[in-house]
Amino acid sequence: MESSKCLIEIIERNKLSIKDNPFGTKRLWPYSYIELFYNSFCSQLYISKKSPNILEVNQNNKNNLKVWQYFFEKPNIVNISLKKIINYEYTNSIKFNLIIIKNKDLSNNNRVLKNLTNRLKPNGIIVLENIGANSKFIIK
């Protein structure tokens, strides 16, 4: 059973993209994160878990959080600052289906990455956005 929802349509219909809103999400325009990854992954996640647990690390753009509210049915969305992650100032009781890390500096912190990996549900995924040249470190 395929999900009839499409992140691209949701973003465009609600004017959440940077092309329609100067404070909009960059995940769709002019970038292609939504088209190349999120749309497919989230469609599969929707089929298996209509109300997933999503952790966004250091997300300042509220439109990025709205995307998940429009797409999923009552998702549990947690947005935690990098400082709270590093200092373990957050609850460890929740396991997440999707963890999105916006801050590339966090990708160099093995201790924090390991802790976040332990916060994943089975088949959960961590997305490290905007890592640039740090990809070699991540793969290692």
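Helices (H or I, at least four residues) and strands (E, at least two) are DSSP runs, numbered from the N terminus. The model is predicted, so local features need pLDDT of at least 70 and side-chain atom pairs count only at pLDDT 80 or more, while totals for chains, interfaces and linings use all residues. Residues are numbered from 1 along each chain as its sequence is written, and side-chain values use heavy atoms, with hydrogens and water left out.

**Whole chain**

Colour by secondary structure. There are 6 helices and 4 strands. Along the sequence they follow the pattern α-α-β-α-β-α-β-α-β-α. The protein has 140 residues, and 43% of them count as buried. Buried means under 20% relative accessible area, exposed means over 50%, and partly exposed lies in between (1.4 Å probe, protein chains only). Among contacts between residues at least 6 apart in sequence, 63% join residues at least 24 apart. Contact means heavy atoms within 4.5 Å.

**Stop 1: Leu16**

Select Leu16, in the loop between α1 and α2. Its relative accessible area is 3%, so Leu16 is buried. Show its surroundings. Not counting residues up to four places away in sequence, Leu16 touches Ile11, Gly24, Thr25, Asn63, Lys66, Val67 and Tyr70. Add Asn64: its C-alpha lies 7.9 Å from that of Leu16, though the two are 48 residues apart in sequence.

**Stop 2: helix α2**

Select residues 33–48, the 16 residues of α2. The expected span of a helix is 1.5 Å times one less than its number of residues. For α2 that gives 22 Å, and the end C-alpha atoms are 21 Å apart, which agrees. Now look at Asn39, where a kink of about 30° is centred. The bend at a residue is the angle between axes fitted to the seven residues ending there and the seven starting there.

Which residues of α2 are buried? They are Ile34, Tyr38, Asn39, Phe41, Cys42, Ser43, Leu45 and Tyr46. Their cover includes α1 (7–13), α3 (62–71), β3 (96–101) and β4 (120–128).

Stay on Tyr38, in α2. At 1% relative accessibility, Tyr38 counts as buried. Measure across to Ile8: the C-alpha atoms are 9.5 Å apart, with the two positions 30 residues apart in sequence numbering.

**Stop 3: the cores**

A nonpolar core is a set of buried Ala, Val, Leu, Ile, Met, Phe, Trp, Tyr and Cys residues joined through side-chain atoms within 4.5 Å. The largest has 18 residues; Leu7, Tyr38, Cys42, Trp68, Phe71 and Phe72 have the most contacts inside it. Two or more residues each come from α1, α2, α3 and β3. The largest share, 6 residues, comes from α2.

Centre on Cys42. Leaving out residues up to four places away in sequence, Cys42 touches Leu7, Trp68, Phe71 and Phe72. Then switch to a second, separate core of 13 residues, which includes Ile80, Val112, Leu113 and Leu116.

**Stop 4: the sheet**

Show the strands alone. The 4 strands form an open sheet in the order β2-β1-β3-β4, with parallel pairing. Two strands pair if DSSP finds at least two bridges between them. β2 (76–80) and β4 stand at the edges with a single partner strand each, so one side of each has no neighbour in the sheet. Neighbouring strands are turned by 15° against each other on average, direction ignored.

Select β1, residues 53–57. Is β1 enclosed or open? 5 of its 5 residues are buried, so β1 is largely enclosed by the rest of the structure. Asn53, Leu55 and Val57 point one way, Ile54 and Glu56 the other. On one flank, 5 bridges pair β1 with β2, and Glu56 stands opposite Asn79. With β3 there are 4 bridges, and Val57 stands opposite Ile101.**Stop 5: helices on the sheet**

Bring back α3, which lies across β1, β2 and β3 and runs at about 165° to β2. Next, select α5 (residues 110–118). This helix packs on the sheet, touching β1, β3 and β4, and its direction makes about 140° with that of β4. Axes are lines fitted to C-alpha atoms, for helices over the stretch in contact, and angles run from 0 to 180 degrees between N-to-C directions.

**Stop 6: Tyr88**

Finish at Tyr88, in the loop between α4 (82–86) and β3. Tyr88 is partly exposed, with a relative accessible area of 35%. Leaving aside neighbours within four places in sequence, Tyr88 is in contact with Arg111 and Asn115. The C-alpha atoms of Tyr88 and Val112 are separated by 8.9 Å, at 24 residues apart along the chain.
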